[in-house]
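Work through the following exercises with the sequence and the model at hand. Each task is followed by a solution in steps.

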Amino acid sequence: MENKQYIKKIIIIILLTNIPAILILPMFFKSGIGWITGSLGSLVNFVWLARNIKKSLSVSGSKAKVKAVKGSLLGYMFLAVYAVLLMTFVKPNILTFGSGLLSVQIAIYVVELSEHLKNNKYFRG
């Protein structure tokens with residue numbers, strides 16, 4: 001699978017998981033806003049890291065390492081500042097916010113599992 005298609009699948013899964021969170025906002029505002037803000041922060045960090053890796057592939061080995069480390073640290077610093085600002089001003093449910101931050105990892109597992117099952121001889125249609 002091409003890199004752009006993979007990233008697109010992850011983005012679609014994350015955006016689809018926000019639909020139930022939007023629907024429960026009137027009843028459980030703090031939980032819904034926690035999931036939405038966590039998953040969007042995780043998604044921004046994922047796209048940032050994907051673009052950083054794409055840029056670092058065109059340079060030499062040692063420069064690629066330095067560029068990857070700098071980009072990763074900047075992404076995680078952005079995520080930490082985002083989380084602190086969000087907890088200070090919006091005050092969402094911390095458990096659903098943390099779960100939202102894990103949404104990209106969950107989406108990656110879903111995409112990989114679906115690809116594995118698609119290629120498995122027992123699950124072909």
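**Exercise 1. Place Lys-91 and describe its backbone and its exposure.**

Solution. Start with the position: Lys-91 sits in the loop that runs between α3 and α4 (94-101). The model is a predicted one, and phi of Lys-91 in it is near 55 degrees, a positive value in a residue other than glycine. For exposure, the relative accessible area of Lys-91 is 47%. Partly exposed covers the range between under 20%, which is buried, and over 50%, which is exposed. Lys-91 is therefore partly exposed.

**Exercise 2. Describe the overall make-up of the protein: how many helices and strands does it have, and in what pattern?**

Solution. Count the elements: there are five helices and zero strands. Read along the sequence, the pattern is α-α-α-α-α. Next take the extent: the C-alpha trace spans about 50 × 45 × 15 Å along its principal axes. Finally, take burial: 31% of the 125 residues count as buried.

**Exercise 3. Find the salt bridges and state how they are connected.**

Solution.

Step 1. The count comes to two salt bridges.

Step 2. One joins Lys-9 to Glu-115, with the closest N and O atoms 2.9 Å apart. This pair links distant parts of the chain, as Lys-9 belongs to helix α1 and Glu-115 to helix α5 (residues 103-119), 106 residues apart.

Step 3. Another joins Lys-118 to Glu-115, where the closest N and O atoms are 3.2 Å apart. Lys-118 and Glu-115 both lie in helix α5, three residues apart, which is about one turn of the helix. Through shared partners, the salt bridges join Lys-9, Glu-115 and Lys-118 into one network.

Step 4. Are Lys-9 and Glu-115 buried or partly exposed? Lys-9 has a relative accessible area of 31%, so it counts as partly exposed. Glu-115 has a relative accessible area of 18%, and because buried means under 20%, Glu-115 is buried.

**Exercise 4. Which residues form the nonpolar patch on the surface, and which helix gives the most to it?**

Solution.

Step 1. The members of the patch are Val-44, Trp-48, Leu-74, Met-77, Val-81, Leu-85, Phe-89 and Val-90. Together they have about 760 Å² of accessible area.

Step 2. Assign the residues to elements. Both α2 (29-56) and α3 (61-89) supply at least two residues each. The most comes from α3, with five residues.

Step 3. Check one member. Val-44 is found in helix α2. Its relative accessibility is 41%, so Val-44 counts as partly exposed.

**Exercise 5. Describe the largest pocket by volume, lining and residue class.**

Solution.

Step 1. The volume of the largest pocket is about 220 Å³.

Step 2. Its lining consists of Glu-2, Asn-3, Lys-4, Ile-7, Lys-8, Ile-11, Val-47, Ala-50, Arg-51, Lys-54 and Leu-57. The elements that give two or more residues to this lining are α1 (3-23) and α2. The largest share, five residues, comes from α1.

Step 3. Sorted by class, the lining has five nonpolar, one polar and five charged residues.

**Exercise 6. Treat the second largest pocket in the same steps.**

Solution.

Step 1. The second largest pocket has a volume of about 160 Å³.

Step 2. The residues that line it are Asn-3, Tyr-6, Ile-7, Phe-46, Leu-49, Ala-50, Asn-52, Ile-53, Lys-54 and Ser-72. α1 and α2 each supply at least two of them, and α2 gives the most, with six residues.

Step 3. By class, the lining of the second largest pocket divides into six nonpolar, three polar and one charged.

**Exercise 7. Where does Ser-60 lie, and how far is it from Ile-11 in sequence and in space?**

Solution. Ser-60 has its place in the loop between α2 and α3. Its relative accessibility is 42%, so Ser-60 counts as partly exposed. In sequence Ser-60 and Ile-11 are 49 residues apart, and in space they are 30 Å apart, C-alpha to C-alpha. Ile-11 was listed above in the lining of the largest pocket.

Technical notes. Residues numbered from 1 in each chain as written. Predicted model: local features only at pLDDT ≥ 70, side-chain atom pairs only at ≥ 80, totals over all residues. Heavy atoms only, no water. Patch = residues over 30% accessible without salt bridge, like charges linked within 9 Å, V, L, I, M, F, W, Y side chains within 5 Å. Areas by Shrake-Rupley, 256 points an atom, 1.4 Å probe, with all protein chains shown as cover. Salt bridge = Lys/Arg side-chain N within 4 Å of Asp/Glu carboxyl O. Helix = DSSP H or I, 4+ residues; strand = E, 2+ residues; numbered from the N terminus. Buried < 20%, exposed > 50% of the residue type's maximum accessible area, 1.4 Å probe, protein only. 1 Å grid on protein atoms, 1.4 Å probe; cavity = no way out; pocket = protein on both sides within 12 Å on 5 of 7 lines; lining within 4 Å. Points joined across faces, edges and corners; volume = space filled by probe spheres on them. Nonpolar A, V, L, I, M, F, W, Y, C, P; charged D, E, K, R; others polar.
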